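Student: I should like to learn how a ligand site and a chain interface are read from a model. Please begin with the ligand.

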Amino acid sequence: MSLIEVRDLRRTFRVRRRDDVVAVHDVSFDIEPGEMVGYIGPNGAGKSTTIKMLTGILVPTSGHLRVAGVDPSKRRTALASRIGVVFGQRTTLWWDLPLRDSFELLQKIYRIPPARYRQNLDRFLELLDLGDLLDTPVRQLSLGQRMRGDITAALLHDPEILYLDEPTIGLDVVSKGRLREFLRALNAERATTLLLTTHDLQDIEALCDRVMVIDHGSLVFDGALTQLQARGGSSRTLVVDLVDERPAIEVPGAVTVRVDGPRQWLTFPADASAAPIVSAVAAGYDVADLSIQEPDIEDVIRELYAGR
Amino acid sequence: MNGPGSLYVAIATRAFRRYSTYTGATVAGIFTNSVFGVISSFVLIAVWRANPDAGGYDTTDVVTYVWLGQAMIMTIALWGGGAPADLAARIKSGDVALDFYRPVGILGWYLAADVGRSAFHLLSRGLVPTLVGGLLFDLRYPSGPWVWMAFAASLPLALLVSFAIRFLLAMTAFWILDDQGATLLASAAAVFFSGLTVPLVLFPGWFGDLVRVLPWASYLQVPADVWLGQRSGWSAVAGLGLQAGWAAILLGACALLLRVAERRVVVQGG
Ligand SMILES: Nc1ncnc2c1ncn2[C@@H]1O[C@H](COP(=O)(O)OP(=O)(O)O)[C@@H](O)[C@H]1O
Ligand SMILES: [Mg+2]
């Protein structure tokens, strides 16, 4: 039995005077303990709806769902002690209270033993660099600081699973980087299972070995990140800067797809070696510079959405 | 301290502390309550000079009633607000879904927070204006330890009834997007039917009989009559019984409606 088991999970919403919206359409997957899984898809694809069902605050329309062996919507509060949830646009922190007070109340809610609480709090404050903000009321925190507070709040009770719904939305580059570093450390230290939804592919590239792609409620990809790159990315691109403007380069094994002044773009199969193409170009033309572009994961995913 | 009650104590303590940080608002509020107390006192002294013994109150009773009213306004959040207003905001923002997911009862949570808030407002916006009134006017005080005890029971019951009504109002945000009209109406009803503007003892006939048993009579009229000795013995017990009855019915309604709201969030998706 997997830690998270999802089979043919479906959720429809009744929208007034219109047909039902199928937000999640017969989705199936398993997640094992300690995995870090990225869950990506465009706006409205069904990511948040899936997370809500996994936490138990939304009842599935049909399908089978087990988290740590239990049906989340039936045993929501029992499960709450084993999972942590962070919704990027929502907060569990108390707006008018200092950060410290929210944490202390959570200690009581989850009955965290005092020694464990202090140990966890110290560790998270250090990793997330929040120590100086403990006495600041939540409403005075920046978005990035608040998000770090919310993540601490979600983790104080040592959950086995952490769901993060768009945790990096609206954060600046530095905050994003710090958050990714923290999540990596968390997974390494405690083997916490992570399921992370995002629009930001850099989150996935930095954190997740496994990616699930959802579009219009259906899972269109579930596999290793490298596999995703290989799949859509059937070709690589050689970018050539010539000394002078020239007509399109002609070399065997590659096709020139674009010419812009002295710069030209040549594509070739991703599984072919670049070396003979590079030597052929260098032999036949005056080259100022050369570079190779790997398939862009964004393009790959766009292709996935389009080819649905 | 990790027992079940300690969470609620912790919540109440945090709420008390939160309101205690709004120093400016507290000072301004004490000033306002005091000024309104003085004005109302002079108006009602003039009225009572023309109609002595109206409603069975003498001039000392009615002036005391005025100051008790000023003290109750924030202590029971008579007009509205307090912890249930925080709930309404969380319903509107959608954050309430996270409250349902936490392993702690929402009703108990917000009640504990409102008790903490109330305790702060009793000590600041309740006690201080009463002291001001006592310095400026001749007030009547409870005539003995039983009266003090009865008043000490009446006050938290007043808070429970007011809390339940405010909580019910806050929950309408689950169904109604714009609750400004309902909030305004509830506020006006509370101000009038609590007897804050005109003591309910002045209303004659069936209307008087009715307003004196509505839930809002628990806000001010019953505690004030206990304090003044207008209700003593069985009459005091009946007053406390009225408050306790409304508190039980309305809190029961809160619990029921909360379950309906929870089903709505969890089954229909908000
Ligand atoms: N409570 C709801 N009522 C009606 N429709 C909803 C509700 N929640 C989500 N939806 C719809 O379900 C679809 C999936 O939404 P969501 O899971 O929030 O997507 P994502 O998180 O991937 O952006 C969208 O079309 C959205 O409009
Ligand atoms: Mg979403």
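Tutor: A residue is near a molecule if one of its heavy atoms lies within 4 Å of it. Around ligand 1 these are Phe13(A), Val21(A), Ala23(A), Pro42(A), Asn43(A), Gly44(A), Ala45(A), Gly46(A), Lys47(A), Ser48(A), Thr49(A) and Gly269(B); ligand 1 thus lies between chains A and B. This is a predicted model, in which local features need pLDDT of at least 70 and side-chain atom pairs pLDDT 80 or more, while totals for chains, interfaces and linings use all residues. Residues are numbered from 1 along each chain as written, chains are lettered from A and ligands numbered from 1 in written order, and side-chain values use heavy atoms, without hydrogens and water.

Student: Which backbone atoms lie close to an oxygen atom of ligand 1, at 2.9 Å?

Tutor: A backbone N or O atom of Gly46(A) is at that distance. Ala45(A) likewise has a backbone N or O atom 3.1 Å from a ligand oxygen, and for a polar backbone atom of Gly44(A) the distance is 2.7 Å.

Student: How much of the accessible area of ligand 1 does the protein cover?

Tutor: Accessible areas come from the Shrake-Rupley method with a 1.4 Å probe. Alone, ligand 1 has 560 Å², and the protein covers 69% of this.

Student: How many salt bridges are counted between chain A and chain B?

Tutor: A salt bridge places a side-chain nitrogen of Lys or Arg within 4 Å of a carboxyl oxygen of Asp or Glu. The count between these chains is 6; one of them joins Arg90(A) and Asp95(B) at 3.6 Å, N to O.

Notes. Polar contact = N/O pair within 3.5 Å; in protein donor to acceptor, adjacent residues only side chain to side chain.
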